[in-house]
Amino acid sequence: MPAEILSELPLRPAPRDIKIPNTSIHNEERRHKHSRSSYSEMSPLMSRNNSLTWRPAKRPMPTPDKTIAVINAAGRQAASFIRVATAVGFHVRAQMRNLEGVVATEVSTNPNVTVLQGELYTKETPAESEKGQCVDVTKNGPISGIGVNVALISELFRGAQLAFINTTFYGDEEKIGMALADAAKKAGVQHYVYSSMPDHHAYNKDWPSLPLWASKHRVEDYVKEIGIPATFVYTGIYNNNFTSLPYPLFCTEMQPDGSWIWQAPFHPNAKLPWLDAEHDVGPAILQIFKDGVKKWGGGKRIALAYEMLTPLEACEVFTRGVGRPVRYVRGPIEVKVKIPEGYRIQLEALEELFNLHNEDPEKQPPYFGDIELDRSCPRAALELWEGPRGLEEYAREVFPLEEQANGLTWMIEEDDGGGGNNIDNNHNNHHHQEEGHYQHQNGHNGMNGHIVNGGVGSESEEEEEDSDSDDEGLVMRGNKRADEEWLA
C-alpha cells in the first residue's frame, strides 16, 4: 500500500501552461527570478496597484523604529528575512562577504539596509601552507592564521536592538558565533534569533556528530550560557537545494529519457522536514520578532519546516510540480565537483549518520536530533507563517527558472519538443557572461543602500581582489549557488 503523503499545505491549482520563451540565452534579458510572477497580466492580483482599481483607505500603521543586525546577508535565510523586514519598515545592518551576484545587489541597493562588506574572519598571518597553497578557511575548527573580525562584528551591532544570526563555515564558526553573541550582549540586543542545528552525538552516543551542525550547537549553548534573550530556529532541508548541476547530495541527475534521479543516503520511507528557505524563512523570523521574547524567549527552539515527506514522497510531489518523472535511489553521496573541505567532511559524517545499511525507517535518527522537534513539524512553523510554498509549488514555478539562470536548457528544449539534453554545452561561457552582467550592476551599488567597508585596517581594493582569488575554488560558484549555506 503506497504511503500517504502528509502535508498540511493547501496546493494551488497548477497553471495550464508555463512557457519559457525560446530565445537565445545570450540575447535573453536576465531578470531576478523574484521579478517573475505566476499571475497573468489580466489577473486582478497583477492590477491591484492600478490607480483605476478602487481600494479601501489604508489603516495607519506605525513604522518600526528598530534596527536588526544580520550576517551573511546574501544567503538564503538572511536575504529572505531582509526582504520581509525592510518591506514593513525595519532598518537592517547587514554583513556581506562581497557584493557579487543578484542577491547581493538586491540587498545592497535596498534603502533600508546598511551593508558592512567584509569577512567575519581575519587572516592574521600570511595564509599559505608549506606547499605554497592557500589555507582553506572552510575547515572545521581552529585554523592556523585565521582569526575573528572583531572590528566588523562590533560595528555590525552598533544601534541594533534585534539580531538574526546564521553563521556559516567560513572561518572558525564556533569562535565567530561566540564573538557575535558577546558583541550582541555588549550592545544590549533585546532579542537574538540564532539559526542553529543539532549535534546528534549529544542526543545519542551511537550517532556521529555532523561537524558543521555541531559547531552551531555549541554556539547555541554559549548564547544560553551568557544569558542573551534568545530564540533558536532549526531549518529543514531547503527545497532550493535541488539542482541538475553536479553538486553533491541534492543533484537531480537527468537521464537520457528526460527523467531525473536523486541519489542520497536517506531511508526512502523515513520522514524528512522540508522548507522553502527563500520564500518562508523571512515571514517566520519576522513573526518571532513581532511576538517577542515574552512568547519565544528563554532559549526556545523552533523547527522551521512546512512539510514532512519521505524521499519517495518528495520525488512524487516534485514530479507533479515539474512535470517530469523524478526517481529516488538510496545510495552513497557522489562528489563530482570540487567542494569546500568543511562541506566534504560534513557529507562524510552525514552518510555515516543516515546509515545506508539501516533497513528500518523508524531507526533513522531524527533530522533535528530531538525527536520532539521533528514531531513539531509543520505545526510549530505554521504558528508563525501560514502561507508557505510547498515542494510541489516550488518545482512547478521556481525550479525551472533557477535551472535556466544556472545555464541549463532542458526547459527550453522541452518547449521545442526536444529531449533530455540537460546542460548547455556553452554553460561555462554563459556563466562568465552572467557574472560580468551582475558585476556591472554592482558597479552602481551605493546609490540607494548604504555600504560600509567592514573592519579596521581593511585591505586596499587591489588586495581585496587578491584575497577573493585566494578562496577561488573553495566555493561552488554559480548564479543560484553563490554565497549559499549548504544544509544550514
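In this predicted model, pLDDT stays under 50 over residues 421-448, a stretch for which the model nevertheless has 48 contacts beyond four places in sequence. A second such stretch covers residues 23-53, where pLDDT likewise stays under 50 and where the model has 40 contacts beyond four places in sequence. Where pLDDT is low, the predicted coordinates should not be read in detail. For the protein as a whole, the mean pLDDT is 80, and 68% of the residues reach 70 or more.

Several pairs of helices pack against one another. Two packed helices are described by the angle between their axes and the distance between the axes. Helix α4, which spans residues 173-187, and helix α6, which spans residues 211-226, have axes that come within 9 Å and cross at roughly 25 degrees. Because angles under 35 degrees count as roughly parallel, α4 is described as roughly parallel to α6. The crossing in which α4 passes α6 is right-handed. On the side of α4, the contact is made by E173, E174, G177, M178, A181, D182 and K185, while α6 contributes L212, S215, K216, R218, V219, Y222, V223 and I226. Sorted by class, the residues in this contact of α4 with α6 comprise seven nonpolar, two polar and six charged.

Helix α6 also packs with helix α10, which is formed by residues 341-353, at an angle of about 100 degrees and with the two axes 7 Å apart. Since angles of 65 to 115 degrees count as roughly perpendicular, α6 is placed roughly perpendicular to α10. In this contact P211, L212 and W213 of α6 meet G342, Y343, I345, Q346 and A349 of α10. The residues of the contact of α6 with α10 divide into six nonpolar and two polar, with no charged residue. L212 of α6 thus appears in the contact with α4 and in the contact with α10.

A further helix pair consists of α1 and α7, the latter made up of residues 277-291, which pack at an angle of about 60 degrees with their axes 7 Å apart. That angle makes α1 oblique to α7, and the crossing of the two helices is right-handed. The residues of α1 that take part are R76, Q77, S80, F81, R83, V84 and A85, and those that they meet in α7 are A277, E278, H279, D280, V281, G282, P283, I285, L286 and F289. By class, the contact of α1 with α7 holds nine nonpolar, four polar and four charged residues.

Among the sheets, an open one of three strands has the order β10-β11-β15, with mixed pairing. The strands β10 (252-254) and β15 (326-330) stand at its edges, and each has a single partner strand, so that one side of each is left without a neighbour in the sheet. From one strand to the next, the twist averages 30 degrees. Strand β11, which covers residues 260-264, pairs with β15 in the parallel sense over five bridges, and I261 stands opposite R327 in β15. Helix α9, which comprises residues 311-322, packs on this sheet and touches β11 and β15, its direction making about 160 degrees with that of β15.

Another open sheet of three strands, also with mixed pairing, has the order β9-β12-β14. Its edge strands are β9 (237-238) and β14 (307-309), each of which pairs on one side only. Strand β12, made up of residues 272-275, is joined to β14 by three bridges, and these two strands run antiparallel. L272 has L309 in β14 as its bridge partner. Helix α9 packs on this sheet as well, where it touches β12 and β14 and its direction makes about 115 degrees with that of β14. Helix α9 is therefore in contact with strands of the β10-β11-β15 sheet and with strands of the β9-β12-β14 sheet.

Two features of the backbone lie in loops. The peptide bond from C377 to P378 is cis, with omega near -5 degrees, and P378 is found in the loop between α11 (371-375) and α12 (379-384). N72, although it is not a glycine, has a positive phi of about 50 degrees, and this residue lies in the loop between β1 (67-70) and α1 (76-87).

Key: Residues numbered from 1 in each chain as written. Predicted model: local features only at pLDDT ≥ 70, side-chain atom pairs only at ≥ 80, totals over all residues. Heavy atoms only, no water. Axes fitted to C-alpha atoms, helices over the stretch in contact; angles between N-to-C directions. Helix = DSSP H or I, 4+ residues; strand = E, 2+ residues; numbered from the N terminus. Parallel < 35°, antiparallel > 145°, perpendicular 65-115°, else oblique. Left-handed = near helix turned anticlockwise from the far one by under 90°. Contact = heavy atoms within 4.5 Å. Nonpolar A, V, L, I, M, F, W, Y, C, P; charged D, E, K, R; others polar. pLDDT = per-residue confidence, 0-100. Pairing = 2+ DSSP bridges.
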